[in-house]
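Q: Could you walk me through how to read a few features of a protein model? I'm new to this, so please keep it plain.

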Amino acid sequence: MVYQLSNVSVNYANQVALNNVSCTIQEGKWISVIGQTGAGKSTFVQVLKGLIPSFDGDYLINQHPIHRDNKGQLMVVPDIGYVFQYPEHQLFETSVYKELAFTPKLSGYSHQQIDQAIDLILPKVGLSKEILPLAPFQLSGGQKRRVAIASVLMMNPKLLILDEPTAGLDPVSRKFLLRLLKEWQQQDNRTILNVSHQMNDVAEYSDEVIVFHEGHLMAHCDTSILFLEQ
Ligand code: ADP
Ligand code: ADP
């Protein structure tokens, strides 16, 4: 899969969130998205997921324009997983099991398929089955994040978008989570777009870096160009 934005601009009232951004996301890479608060990072990844209903410019996946429905709304793009910055924004169910089963159930998975997928995904985010009956509010911050990520991985996305997945985690949990995500990404040539403020992590885990400043895409390059001592 190749995701391509061409001259994309997004405006909110009087605020330009993205200014004429062109960018190609190739598969099989871990790409970090960096820049100051308000630079446009979240807006950029939301355009890719199809969460921004109206923007100027074009969005193509494998050369095909992403269609809009008859109200002009973008179709939410399949095969892209999106993990919100705060897990509380996506954990709604009364148990971890129901949380993980929610989207597969909507997509018509059988109970058996759901249970198989859960067995497969839990170890990938470092969780055990004992957690399944617990309510999200009973979990630690790190566990909540891992459940939020696991629920997105249930649908086996090709591209995983993470908006600061390790914010608020201690260094050990952060490293643990990033290692697991790296393993997941390296299987089957998957792609991760990771919005991050942690420059050490950016240097250690990403193949490419995209830099935003005041809505402009300032640089998109191999990580080795930015961090000399790799
Ligand atoms: P970042 O993720 O780099 O912090 P954002 O993409 O969230 O940046 O925001 C880019 C700009 O757009 C900021 O100036 C922000 O205030 C503005 N913005 C983002 N979302 C909205 C919104 N829903 N309504 C109005 N302005 C917004
Ligand atoms: P719903 O009410 O939405 O149908 P349930 O909570 O009744 O969902 O669960 C549906 C199925 O999921 C049950 O048949 C059960 O086998 C399985 N299930 C529910 N909770 C768990 C759990 N903690 N561990 C494993 N399987 C579970």
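**Reading the two ligand sites**

A: Let's start with ligand 2: the residues of its shell divide into 3 nonpolar, 1 polar and 2 charged. Here Ala, Val, Leu, Ile, Met, Phe, Trp, Tyr, Cys and Pro count as nonpolar, Asp, Glu, Lys and Arg as charged, and the others, Gly among them, as polar. Before going on, note that this is a predicted model, where local features need pLDDT of at least 70, side-chain atom pairs count only at pLDDT 80 or more, and totals for chains, interfaces and linings use all residues. Residues are numbered from 1 along each chain as its sequence is written, chains are lettered from A and ligands numbered from 1 in the order in which they are written, and side-chain values use heavy atoms, with hydrogens and water left out.

Q: Which residues surround ligand 2?

A: A residue is near a molecule if one of its heavy atoms lies within 4 Å of it. Around ligand 2 you'll find Tyr97, Lys98, Lys105, His111, Leu132 and Pro133. The protein covers 45% of the 550 Å² of accessible area that ligand 2 has on its own (Shrake-Rupley method, 1.4 Å probe).

Q: Which helix gives the largest share of that shell?

A: Helices are DSSP runs of H or I with at least four residues, and strands are runs of E with at least two, numbered from the N terminus. Here it's helix α2 (residues 96-106), with 3 residues.

Q: What polar contacts does ligand 1 make, say with threonine 43?

A: A polar contact is a pair of N or O atoms within 3.5 Å. For threonine 43, a side-chain N or O atom is 2.5 Å from an oxygen atom of ligand 1. Glutamine 15 also uses its side chain, at 3.2 Å from a ligand 1 oxygen, while alanine 39 uses a backbone N or O atom, at 3.1 Å. Taken alone, ligand 1 exposes 560 Å², and the protein buries 60% of that.

Q: How many aromatic pairs are there, and how do I read one?

A: You describe a pair of aromatic rings by the distance of the centres and the angle of the planes. Rings of Phe, Tyr and Trp (its six-membered ring) pair if their centres lie within 6.5 Å; planes under 30 degrees apart are stacked, over 60 edge-to-face, and the rest tilted. The whole structure has 3 aromatic pairs. In one of them, tyrosine 82 and phenylalanine 84 sit edge-to-face, 4.9 Å centre to centre with 65° between the planes.

Q: Is tyrosine 82 buried or exposed?

A: Buried means under 20% relative accessible area, exposed over 50%, and partly exposed in between (1.4 Å probe, protein chains only). Tyrosine 82 has 7%, so it's buried. Phenylalanine 84, at 34%, counts as partly exposed.

Technical notes: A polar contact is a pair of N or O atoms within 3.5 Å; within protein, one must be able to donate a hydrogen and the other to accept it, and residues adjacent in sequence count only if both atoms are side-chain atoms.
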